[in-house]
Amino acid sequence: MTISYDKQKKLHFDLTNVGLRAQATAVGLVQLCHELKRANVLDDSALDRIKDAIADEVSVTAPRSLAAKGYRGEIRGRLDRLFDGEQHVGPADALAIGRPLD
C-alpha cells in the first residue's frame with residue numbers, strides 16, 4: 001500500500017505536531033521491528049513496507065536541492081543497512097547526491 005503525496009504530507013505534519021520526530025522514537029521503532037521479526041510477527045515484506053514508508057517520509061521533507069532522482073533510493077539503502085544492524089550508516093550530510101555512502 002502506497003500513501004499518496006498529500007496524505008504523506010498530512011501524516012508528516014501530524015507526526016511533527018505530536019513530537020514523534022525524535023531519534024529516541026526512531027530507535028524504538030527499529031528495536032520494535034527487530035523484536036517483531038524475531039517473534040515471527042513481521043515478515044520481510046512487512047518490514048519492507050515499513051522501510052518504504054520511512055523513505056517516503058524522508059524524501060517528502062527533503063530540501064529541493066536534494067529532492068532529485070535517486071535520493072529516495074539512497075535513503076532506502078541506508079534504512080536497509082540500519083535495520084539489518086550490520087553496517088555503519090554514516091552521517092546524514094553524506095546523503096547529498098553523488099557523494100559515496102559510508
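**Figure 1. The whole chain, with buried residues making up 25% of the 102 residues in the protein.** This is a predicted model. There are 4 helices here and 0 strands, so going by the DSSP runs, the order from the N terminus on is simply α-α-α-α. The accessible surface comes to about 7,000 Å², and carbon and sulfur atoms account for 58% of that area. As for how the chain folds back on itself, take the contacts between residues at least 6 apart in sequence: 46% of these join residues at least 24 apart.

**Figure 2. A look at the loop residue N40, between α2 and α3.** Helix α2 covers 23-38 and α3 covers 44-60, with N40 sitting in the loop that links them. The backbone is the thing to look at here: phi of N40 is near 60°, a positive value in a residue that isn't glycine. For context, most residues other than glycine have a negative phi. N40 has 70% relative accessibility, so it counts as exposed.

**Figure 3. Where α3 meets α4.** The two helix axes come within 9 Å and cross at roughly 135°. That angle makes α3 oblique to α4, since only angles over 145 degrees would count as roughly antiparallel. The crossing of this pair is right-handed. On the α3 side, the contact is made by L47, D48, I50, K51, D52, I54, A55, D56, V58 and S59. Facing them from α4 are Y71, R72, I75, R76, L79, D80 and F83. Sorted by class, the contact has 9 nonpolar, 1 polar and 7 charged residues.

**Figure 4. Zooming in on R76, one of the α4 residues in the contact with α3.** R76 belongs to helix α4. Is this arginine buried or exposed? R76 counts as buried because its relative accessibility is 13%, below the 20% cut-off. Setting aside neighbours within four places in sequence, R76 is in contact with D48, K51, D52 and A55. Those four residues are also among the α3 residues that make the contact with α4.

**Figure 5. D48 of helix α3, seen with L79.** D48 is found in α3, and R76 is in contact with it. With a relative accessible area of 33%, D48 is partly exposed. L79, one of the α4 residues in the helix contact, is 31 residues from D48 along the chain. In space, the C-alpha atoms of D48 and L79 are separated by 9.7 Å.

**Figure 6. G73 of α4 and A55, paired across the sequence.** Helix α4 takes in residues 71-84, and G73 has its place there. At 44% relative accessibility, G73 counts as partly exposed. How far apart in space are G73 and A55, C-alpha to C-alpha? They are 8.1 Å apart, with their positions 18 residues apart in sequence. A55 turns up elsewhere in these views too, as one of the residues in contact with R76.

**Figure 7. K9 of α1 shown with D56.** Helix α1 runs over residues 5-17 and includes K9. K9 has 27% relative accessibility and so counts as partly exposed. Going from K9 to D56 means a step of 47 residues in sequence, yet C-alpha to C-alpha they are 9.8 Å apart. D56 is also one of the α3 residues that make the contact with α4.

Definitions and conventions. Residues numbered from 1 in each chain as written. Predicted model: local features only at pLDDT ≥ 70, side-chain atom pairs only at ≥ 80, totals over all residues. Heavy atoms only, no water. Buried < 20%, exposed > 50% of the residue type's maximum accessible area, 1.4 Å probe, protein only. Axes fitted to C-alpha atoms, helices over the stretch in contact; angles between N-to-C directions. Parallel < 35°, antiparallel > 145°, perpendicular 65-115°, else oblique. Left-handed = near helix turned anticlockwise from the far one by under 90°. Contact = heavy atoms within 4.5 Å. Nonpolar A, V, L, I, M, F, W, Y, C, P; charged D, E, K, R; others polar. Areas by Shrake-Rupley, 256 points an atom, 1.4 Å probe, with all protein chains shown as cover.
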